[in-house]
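Work through the exercises below with the model open. Each task is followed by a solution in steps.

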Amino acid sequence: MKKTYTLNGCDYSFESETGALLSIELPGTAPMMQDGKGLFDLAWPVHLEYDIQRANPTAAYGKNAPCFDFDGETLVITYNSVPYTMPCDDVEEYRGGIYARVTLRALEDKRSVSMRLYVKNNSEAQIAQILFPDMNGIVPTHDEKHEILTMMGGSMKPFVQFKNTAKSRETFFAWTETTAGKIIRAGGLQQRAFIGRWYDIGSRKGGFSMFRKHWGWGPDETEHMGYGEQLWIKLDNKVNKLRLASLRNTKIEKGGEYDSGEYVITPHCGDWIRGIGAYKEFANSNIKRVVPVPQRVKEMLGFRTIFMANGYPKHPTDYSWKYDDFETIADDMIEHGLYDLNVWGQFNWNLPFGKHRFYSEWGGFDNWKKNADKIREKGIIITPLVSWISAWEETARHLGIEKRSGSWAETPEAIPMFAAPYCDRWGCFQMHDHSNEQWKQEIREGLRFLRDECGCHDICWDQYVLGDNSDDSIHDLINEFRLETEEMYPGSAFSSESTLYYESDVDNTDFTWNWLYWNEKRDYRPYLHVIETLRPNMNVDSTPLYVKYIFMDNLMMNVYPSRPEEYNGSALISEYPEFSAAVKTCGELRKKYLSYFTEGTMISDCVLSDDANCRLTGYLKKEEENILLIACKYNDEDTVLSLDLSDFVNGDEFDARIENEAGETVFTGRIGKADSISFSGKAEELYMIEITKAV
């Protein structure tokens, strides 16, 4: 038998004998779960024979029906003793069992439901792992190839990716994602798709969003922010159903308690943008900006990076640029509409920092200052990269630190090029402990030297809070510097490499410098829909198509061209003509449609009711109810956009105009709110589609 409860318009059905979550059904979309068997799952080992003992609602032993209590707004499911997977009546440690309580509560937004698990261990056996929410039995709301797991920084098609095939079985089964599933961690903007502890599973026809309602450090691991949150993705190839379970490794001893905190589920019709609203509201209520994002940062297409040298200037070829090359680089930037120059390797990063850290082989500080002033007069802003979370060899000795975590040398003059074990100069010690007051004071002095004597008001920070902890001392230091600098030089920017801690970086970083290059799995449009302050960067060497994709998505473009066999950033932009043309084109288009990027809301491709043979990104200006769609064609065939504008703008009729990347109008006409537009053109060309209220 099953029990069905309606919470905020969605039906949640449970098996009465076990409490397993059988189905989630929302009027207007197909069921999101069918014949499910999830809710929560616990690892409950007693070594050695019982290592794999688990406890969950549908387990075969110790069965007893849970108690259901519903008042119309809140559902409580209580287990006095959770069933388990292996017979253990003769095992003394298991006596007493596990008490569990799951609470589902309708939230005030009239769409979402809070889910919370409380566990008390009444046994002698430790609870070693908790899976909750355990969404076990997810089915496609459209079909397998259109069912997408969307996260803030990327997506995947789990019913396709984890499908069992002859090829997938040709490796060790315990490493194979089709049998073992995949565990992904939440974290920062550097390498992870699972940003912000939010995900959505579904298609354009519906699905559900889920996120953990916690912000900042912990709660379980005070040394990690978000990184401790893990999502297990497992396709059951026998029944072709998906399992998405939030995973926590724990140590709950006898008498110990566990409270999951709140998870929020939002079932929705349509695609992910219809389900992300609860998370967007939660995230923005927690962002506490130190200073506003500078208007310049909102408007700029991107910046240019050069990697001058790896810090061995005595070698006659171990560099890409010298101080005397600044003017050549600046002229190339200005030709391409870029005015921010991020410079790596222009000085030695060691502490204490000062004029003596600029390389005498290139003329020292005085020659650096002379050339820096020349390009400032041309309008170029120089942003030095600083790397002080790592205590490099000289700094470590200066601070009396004996340990090292290995070499970080990165030069063609060594074998291997990266981290050659004999390159001690760039051996380092990661400053996980931030209590060293001498280190922090020398950082303060270094930042002020760059600002006050070098004229560099903008700073880029390497390895931002990598190894930080909940004392937030490095953030406090940066916040102090930002407030001080903002008063002296309003509109100064702070960029950083965001490593693990997006929820902290977002308060004081304006844009990132991360080692990210374009690939088909990376998609920051959900992030950019939620967060309208900190812009993630995307590096581009010399591929014109990637320039267009980065432009479309309002990512911060890091223009970083290089020559063969040389460092990143070793080439001029003009050395690659097609790349150069793409940068210029996108720069002009951004100027023309700037208000959509700076004032509009990212709506991705969520105006589409069906897939199209192009990549599409859209922006909505809410007050005017104007929409800009940017299309980049996949092929030479005519493109048809099937649109549904009803969730974004009011009215029944709209004027549409399409302009190609050369600025030529290729379509004008009137469309309805559920209509289609078609246009022709070459593959990899951009088309700007502006939709406004009919006049």
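**Exercise 1: the pocket lining**

Task: state how the residues lining the largest pocket divide into nonpolar, polar and charged, and locate the pocket in this predicted model.

Solution.
- Step 1. The lining of the largest pocket divides into 13 nonpolar, 9 polar and 13 charged residues.
- Step 2. The lining has 35 residues, and those nearest the pocket centre are Ile148, Ser155, Lys157, Arg525 and Asp605.
- Step 3. Two or more lining residues come from each of β11 (148–151), β12 (154–156), β14 (198–203), α11 (525–530) and β31 (614–621).
- Step 4. The volume of the largest pocket is about 1000 Å³.

**Exercise 2: the enclosed space**

Task: find how many cavities of 30 Å³ or more the structure holds, and describe the lining of the largest cavity.

Solution.
- Step 1. There are 5 cavities of 30 Å³ or more.
- Step 2. The largest cavity contains about 80 Å³ of space.
- Step 3. Among the residues lining the largest cavity are Trp349, Trp392, Trp408, Trp426 and Glu410.
- Step 4. By class, the lining of the largest cavity has 8 nonpolar, 3 polar and 1 charged residues.

**Exercise 3: a helix pair**

Task: decide whether α12 and α13 are roughly parallel or roughly antiparallel.

Solution.
- Step 1. Helix α12 (residues 544–552) packs against helix α13 (residues 577–592) at an angle of about 20°, and their axes are 8 Å apart.
- Step 2. Angles under 35 degrees count as roughly parallel.
- Step 3. Therefore α12 and α13 are roughly parallel to each other.
- Step 4. The crossing of α12 past α13 is right-handed.
- Step 5. In the contact, Pro544, Val547, Lys548 and Phe551 of α12 meet residues of α13 including Phe579, Ala582 and Arg590.
- Step 6. The residues of this contact divide into 8 nonpolar, no polar and 3 charged.

Conventions. Residues are numbered from 1 along each chain as its sequence is written. This is a predicted model: local features need pLDDT of at least 70, side-chain atom pairs count only at pLDDT 80 or more; totals for chains, interfaces and linings use all residues. Side-chain values use heavy atoms; hydrogens and water are left out. Axes are lines fitted to C-alpha atoms, for helices over the stretch in contact, and angles run from 0 to 180 degrees between N-to-C directions. Helices (H or I, at least four residues) and strands (E, at least two) are DSSP runs, numbered from the N terminus. Angles under 35 degrees count as roughly parallel, over 145 as roughly antiparallel, 65 to 115 as roughly perpendicular and the rest as oblique. A crossing is left-handed if the near helix is turned anticlockwise from the far one by less than a right angle, and right-handed if clockwise. Contact means heavy atoms within 4.5 Å. Ala, Val, Leu, Ile, Met, Phe, Trp, Tyr, Cys and Pro count as nonpolar, Asp, Glu, Lys and Arg as charged, and the others, Gly among them, as polar. On a 1 Å grid over the protein atoms alone, a cavity is a set of points where a 1.4 Å probe fits but cannot get out, and a pocket is an open set with protein on both sides within 12 Å along at least five of seven lines; lining residues have an atom within 4 Å of a point. Grid points are joined across faces, edges and corners, and a volume is the space filled by probe spheres set on the points.
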